[in-house]
2 protein chains.
Amino acid sequence: MPTVLPAGSVGLVSPKIAQFTAPLALSSGRTLTDYQLIYETYGTLNADGSNAVLICHALSGHHHAAGYHSMDERKPGWWDSCIGPGKAIDTRRFFVVSLNNLGGCNGSTGPRSIDPDSGQPYGARFPIVTVEDWVNSQARLADRLGIRQWAAIIGGSLGGMQALHWSLAYPERVRHCVAIATAPRLSAQNIAFNEVARQAILSDPDYPEGIPKKGLMLARMVGHITYLSDDAMGEKFGRDMKSDTLNYDFSSAQFQVESYLRYQGEEFSGRFDANTYLLMTKALDYFELGELAPARARFFLMSFTTDWRFSPARSREIVDALVDAGKEVSYVEIDAPQGHDAFLLPIPRYLQAFSAYMNRIEV
Amino acid sequence: MPTVLPAGSVGLVSPKIAQFTAPLALSSGRTLTDYQLIYETYGTLNADGSNAVLICHALSGHHHAAGYHSMDERKPGWWDSCIGPGKAIDTRRFFVVSLNNLGGCNGSTGPRSIDPDSGQPYGARFPIVTVEDWVNSQARLADRLGIRQWAAIIGGSLGGMQALHWSLAYPERVRHCVAIATAPRLSAQNIAFNEVARQAILSDPDYPEGIPKKGLMLARMVGHITYLSDDAMGEKFGRDMKSDTLNYDFSSAQFQVESYLRYQGEEFSGRFDANTYLLMTKALDYFELGELAPARARFFLMSFTTDWRFSPARSREIVDALVDAGKEVSYVEIDAPQGHDAFLLPIPRYLQAFSAYMNRIEV
């Protein structure tokens, strides 16, 4: 909890709600008749509306990307290291919009919302949403905010897929596309890990009518392992034990890494929605980078050497395809031991490369 | 099912049972008062008993390593590609012994056996067993079979750990130690995946009193992903779909890789014991390669380039430690796309290197 706000913070922020009553047709063929998006903004939209930046979140992300909701908040928004005055996404220059996606569990319409058809929460009946659906809903939010064209759309991981899709679906509305630690489509291994996570939730006896806490915990444990590099885990935990002796039982955690994973899984399952988790993994599985010809944005991609979930090779596939399609593209591979999680961390060379690119964007 | 036995097969084989009534003190402090080991033998023990080879199995392995139990058996033993006349472990020269470890579910005393103290199956009350315990029980089996010294002890993965431990615990009884695709101890990531597998079983409502099929299925799915390389999975499944259209639901398998994993998980959970799975993962977690000074064996290690469960770097750690301890050691790194599973597969260069080493062993 900050007693004074740290330098470089956007400060105290409050989420806003945008209500939409025009039906949204989804990729699945289903329709959301009305819905809301929760979002935050940092910085000020300039007179000609040319300095707006959209942040797209990843699997477990949300609209609270920077600053604090109150002086009691223990930690700032999830991308506070990159968003703020003087930071890579400099709020002295940019007007930053960050939302919670449809299907989320942090305030946008999702499984916990009331289905107007039944008067009950959607729960497992919430429609499957795709990256395309999110981008369409984000375009409506842009309309609502009077943003005709984004200076940049930025995202990491699943967020990067949204940024990429924006540049193809609404080419006139994106000047710069920044896609970090992402992939043009999932690998078989990526899908396999998602499927294990889904099966953990689906096979929990508390699914779909109760709260499948154990299933969500398992799903998160599997996911968490894939966010960290083997080296980072080794560095952090090695074979350190909780006690000096072997306990010869299954229920107590013997090694620090077990204890850490259980804590991460339990903490997550207490705050996240299992149906949202299912939806997010499916959006990942279904994403395929489309035809690049329409794109008019400049592209900036970054990846991290030890990321084995979306390795540098996956980013290079995108870079190569963009080059082949005659697009303007810059690419930086960051030497970082932290694995996929690196995109959320204040790694100096990463922040430096990110800032350098962002500072060259004209507003 | 073979209508005639293939050339190079050890042919029809039958398991044998060895009963032990002397109590076996376990690492945990508990004792097995009596127990049995199921094993198979291939080839003939020579007059001076100098040609015996012990095969140690990995997590889900068992005693049936080669040949067929009947002409109706669909597939031969799990290491048939390496054991038989003219194969790497040539049964014209060697007398091969292959057992199911204590705690197993294929005929040796384990969770499905009757606990003499209660008259009920051990189930979750079976004691935790370690690599050390297995090696001690294997030494008693050697005594029973009149094998004073093994020409070679051979294993892959968890089996390699047993082979290594033999060379330290019974240095006079091992002439050659062949350890394939193994590690001196688990990494934090290895332990983390094991912990997810255990939590999947432990959190299944059918554990411990019923049969936690869903939990074991999940455990196997996670394990299976780690046995295959990212490339092998990509090559085999890519993003191939089960149908031409997206189905927009969670219950049906959309991609071939999902379907494959579910099948593997279900098939495994129908034949394997969840308590055995728990025990095997714990034996892996607890293993640490001991002090190398006592070893008198010659060592041969092999690893596979795309194995990310026990990568070549882990084998090189062992090789380096052996070299530092002044031991005789040979090491071959096999270029193979199949990941950890490679040690079970008939990869020409692997079989060639394996044969070359085995053929130099004097019997």
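## Helix α2 and its surroundings

The buried residues of α2(A) are A:Leu158, A:Gly159, A:Gly160, A:Met161, A:Gln162, A:Ala163, A:Leu164, A:His165, A:Trp166, A:Ser167 and A:Leu168. The model in which they are found is a predicted one. Helix α2 of chain A runs over residues 158-169, and its 12 residues reach 16 Å from the first C-alpha to the last. That is close to the 16 Å expected at 1.5 Å a residue. Since 11 of the 12 residues of α2(A) are buried, the helix is largely enclosed by the rest of the structure.

What covers these residues? The cover of the buried residues of α2(A) includes the strands β5 (52-56), β9 (150-156) and β10 (174-180) of chain A. It also includes the helices α1 (131-145) and α7 (274-286) of chain A.

## Backbone geometry

Most residues other than glycine have a negative phi, and most peptide bonds are trans. Two residues of chain A with a positive phi are set out below; neither A:Ser157 nor A:Ala181 is a glycine.

| Residue | Phi | Loop of chain A | Other C-beta atoms within 10 Å |
|---|---|---|---|
| A:Ser157 | near 60° | between β9 and α2 | 27 |
| A:Ala181 | near 50° | between β10 and α3 | 29 |

A residue counts as buried at 20 or more such neighbours, so A:Ser157 is buried with its 27, and A:Ala181 is buried with its 29.

There are also cis peptide bonds. In chain A, the bond from A:Tyr207 to A:Pro208 is cis, with omega near 5°. A:Pro208 has its place in the loop that joins α3 (188-202) to α4 (213-227) of chain A. In chain B, the bond from B:Tyr207 to B:Pro208 is likewise cis, with omega near 5°, and B:Pro208 lies in the loop between α3 and α4 of that chain.

## Domains of chain A

Chain A is divided into two domains: domain 1 takes in 16-185 + 289-359, and domain 2 takes in 190-281. The centres of the two domains of chain A, taken over C-alpha atoms, are 26 Å apart. Where they meet, 22 residues of domain 1 of chain A are in contact with 15 residues of domain 2 of chain A. The side of domain 1 of chain A that touches domain 2 has 10 nonpolar, nine polar and three charged residues.

## Nonpolar core

In soluble globular proteins, nonpolar side chains tend to be buried together. Here the largest nonpolar core has 231 residues. Which residues have the most contacts inside it? They are A:Val53 and B:Val53. Residues up to four places away in sequence aside, B:Val53 touches B:Ile89, B:Phe94, B:Phe95 and B:Val96, as well as B:Trp150, B:Ala151, B:Ala152 and B:Ile154.

## A residue of helix α7

B:Leu279 sits in helix α7 (residues 274-286) of chain B. With 26 other C-beta atoms within 10 Å, B:Leu279 is buried. Beyond its neighbours within four places in sequence, B:Leu279 is in contact with B:Gly103, B:Phe126, B:Ile128 and B:Val129. B:Gly119 is 160 residues from B:Leu279 in sequence, and the two C-alpha atoms are 21 Å apart in space.

## How the chains meet

Two copies of a chain are related by a rotation about an axis and a shift along it. In this model a turn of 180° and a shift of 0.0 Å along the axis lay chain B on chain A with an RMSD of 0.0 Å. That is the relation of a two-fold axis. The same surface serves both copies, as 100% of the contact residues of chain B recur in chain A.

How many residues of chain B are in contact with chain A? There are 41, and they meet 41 residues of chain A. On the side of chain B that touches chain A, at least two residues each come from α3 (188-202), α4 (213-227), α5 (230-236), α6 (256-271) and α7 of chain B. The helix that gives the most to this side is α3(B), with 11 residues. By class, the side of chain B that touches chain A has 23 nonpolar, nine polar and nine charged residues.

Another of these helices, α4(B), has 15 residues and reaches 21 Å from its first C-alpha to its last, close to the 21 Å expected at 1.5 Å a residue. Helix α4(B) is mostly covered, with 13 of its 15 residues buried.

Key: Residues numbered from 1 in each chain as written. Chains lettered and ligands numbered in written order. Predicted model: local features only at pLDDT ≥ 70, side-chain atom pairs only at ≥ 80, totals over all residues. Least-squares fit on C-alpha atoms with pLDDT ≥ 70 in both. Contact = placed C-beta atoms within 7 Å. Helix = DSSP H or I, 4+ residues; strand = E, 2+ residues; numbered from the N terminus. Expected span 1.5 Å × (residues − 1). Domains from an automatic or database assignment. Nonpolar A, V, L, I, M, F, W, Y, C, P; charged D, E, K, R; others polar. Core = buried A, V, L, I, M, F, W, Y, C linked by C-beta atoms within 7 Å.
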